[in-house]
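These are my notebook entries on one chain, kept in the order in which I looked things up. Each entry takes up a single topic.

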Amino acid sequence: SGGGKSGAGGLTVVFVGVLVVVTVAAICYFERAHRRIPVQYTKRQVGRKMYSGAQSYLPLKINVSGVIPPIFASSLLMFPTQIASMSGSKFLQEAASVLHPADWRYNAIFTVLVVFFSFFYTSLVFNPVDVADSLKKSGGFIPGIRPGKHTATYIENVLTRITFAGALYLSVVCMIPALLQVYLQVPFQFGGTGLLIVVGVALDTVQQIESHLISRNYEGFAGPKGPRIRGRAAEAR
């Protein structure tokens, strides 16, 4: 029986290790992922020269808000527990006892809060109306979409879909430690929010290094097509 338990424990460690690697790979993918909206520019005449219309794209990140939604959500869920412990009320302590990462109600509320803060933060930092106005002033338009209000509505609809996908990705990554404790009874855990911060900072650091090397005309590391990895700061710009 001892051999069986050690074998099961070894399989658990291997599974957790594989899960950590897969989680890091998923974070790298989603932090770099974005939706490209094609943009066409009309012909312009500058002086005596006529410039043909250029083709470009508008990148919309899947995860615009970064780690802000899970941080805000976890902070709000910790607040009732702190109030209950400070007040000494048994009723408040029993009500706050459900707010435990291993409880399904905690995870449900956490997911709702992450989705809410993802949309809230995205609405603060990205305004589809301003983007549509900028495209119209610069002579750009999305093929098949009328400039102005229709363009803003189209961008908003696309942003809503990818923001919802990004919010679900954040919720799953942050709930992995709780699921490991409940279903696998692992004695250790790795924080999903902390992992998001570490991987995000690593991506930003690599992007800064590649930009620095490109500025010195070194193509060996970054390649002839420019940097392969774009950090969150670069995507925001």
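**Entry 1. Phe 72**

Does Phe 72 count as buried, partly exposed or exposed? I looked it up and found that Phe 72 counts as partly exposed, because its relative accessibility is 44%; buried means under 20% relative accessible area, exposed over 50%, and partly exposed in between (1.4 Å probe, protein chains only). Phe 72 belongs to helix H2. I also took its separation from Phe 110: the two are 38 residues apart in sequence, and their C-alpha atoms are 9.8 Å apart in space.

**Entry 2. Basis and confidence**

I note that this is a predicted model, in which local features need pLDDT of at least 70 and side-chain atom pairs count only at pLDDT 80 or more, while totals for chains, interfaces and linings use all residues. Residues are numbered from 1 along each chain as its sequence is written, and side-chain values use heavy atoms, with hydrogens and water left out.

The average pLDDT of the chain is 78, where pLDDT is the predictor's confidence in each residue, from 0 to 100. I find that 78% of the residues score at least 70. Among the elements, H4 has the highest mean pLDDT, 89, and helix H8 (residues 232-236) the lowest, 52. Where pLDDT is low, the predicted coordinates should not be read in detail.

**Entry 3. Overall make-up**

I count 8 helices and 5 strands in the chain; helices (H or I, at least four residues) and strands (E, at least two) are DSSP runs, numbered from the N terminus. Along the sequence they follow the pattern α-β-β-β-β-α-α-α-α-β-α-α-α. The chain has 237 residues, of which 33% count as buried. Among contacts (heavy atoms within 4.5 Å) between residues at least 6 apart in sequence, 67% join residues at least 24 apart. The exposed area is about 14,800 Å², with 64% of it supplied by carbon and sulfur atoms; I note that accessible areas come from the Shrake-Rupley method with a 1.4 Å probe, and that for residues only the protein chains shown count as cover.

**Entry 4. The sheet**

In which order do the 3 strands of the open sheet stand? I read the order as S4-S1-S5, with antiparallel pairing; two strands pair if DSSP finds at least two bridges between them. Strand S4 (55-61) and strand S5 (140-141) are the edge strands, each with a single partner strand, so one side of each has no neighbour in the sheet.

Strand S1 (residues 34-41) is joined to S4 by 7 bridges. Within this pair I located Val 39 opposite Ser 56, and Arg 36 with Pro 59 as its bridge partner. S1 and S5 pair over 2 bridges, also in the antiparallel sense; here Gly 140 is the bridge partner of Tyr 41.

**Entry 5. Nonpolar cores**

Which residues touch the most other members of the largest nonpolar core? I find Ile 27, Leu 77, Phe 110, Tyr 169 and Leu 196, out of 19 residues in that core. A nonpolar core is a set of buried Ala, Val, Leu, Ile, Met, Phe, Trp, Tyr and Cys residues joined through side-chain atoms within 4.5 Å. At least two residues of this core come from each of helix H2 (68-87), helix H4 (104-125), helix H6 (149-184) and helix H7 (192-215). Apart from this core lies another, of 14 residues, including Ile 37, Val 39, Ile 62 and Phe 126.

I then listed the contacts of Tyr 169, leaving out residues up to four places away in sequence: Ala 26, Ile 27, Phe 30, Glu 31, Asn 63 and Leu 196.

**Entry 6. Helices H2 and H7**

H2 has 20 residues and reaches 29 Å from its first C-alpha to its last, close to the 28 Å expected at 1.5 Å a residue; the expected span is 1.5 Å times one less than the number of residues. I find Pro 69, Pro 70, Ala 73, Leu 77 and Ala 84 buried in H2. Just after H2, Gly 88 takes a positive phi of about 80°.

H7 has 24 residues and reaches 35 Å between its first and last C-alpha, close to the expected 34 Å. Its buried residues include Leu 196, Asp 204, Gln 207 and Glu 210.

**Entry 7. Two residues of H4**

Thr 122 lies in helix H4 and counts as buried, because its relative accessibility is 5%. Not counting residues up to four places away in sequence, I find that Thr 122 touches Val 64, Leu 159 and Thr 163.

Asn 107 is also in helix H4 and counts as buried at 12% relative accessibility. With neighbours within four places in sequence left aside, Asn 107 is in contact with Pro 101, Met 175 and Ala 178.
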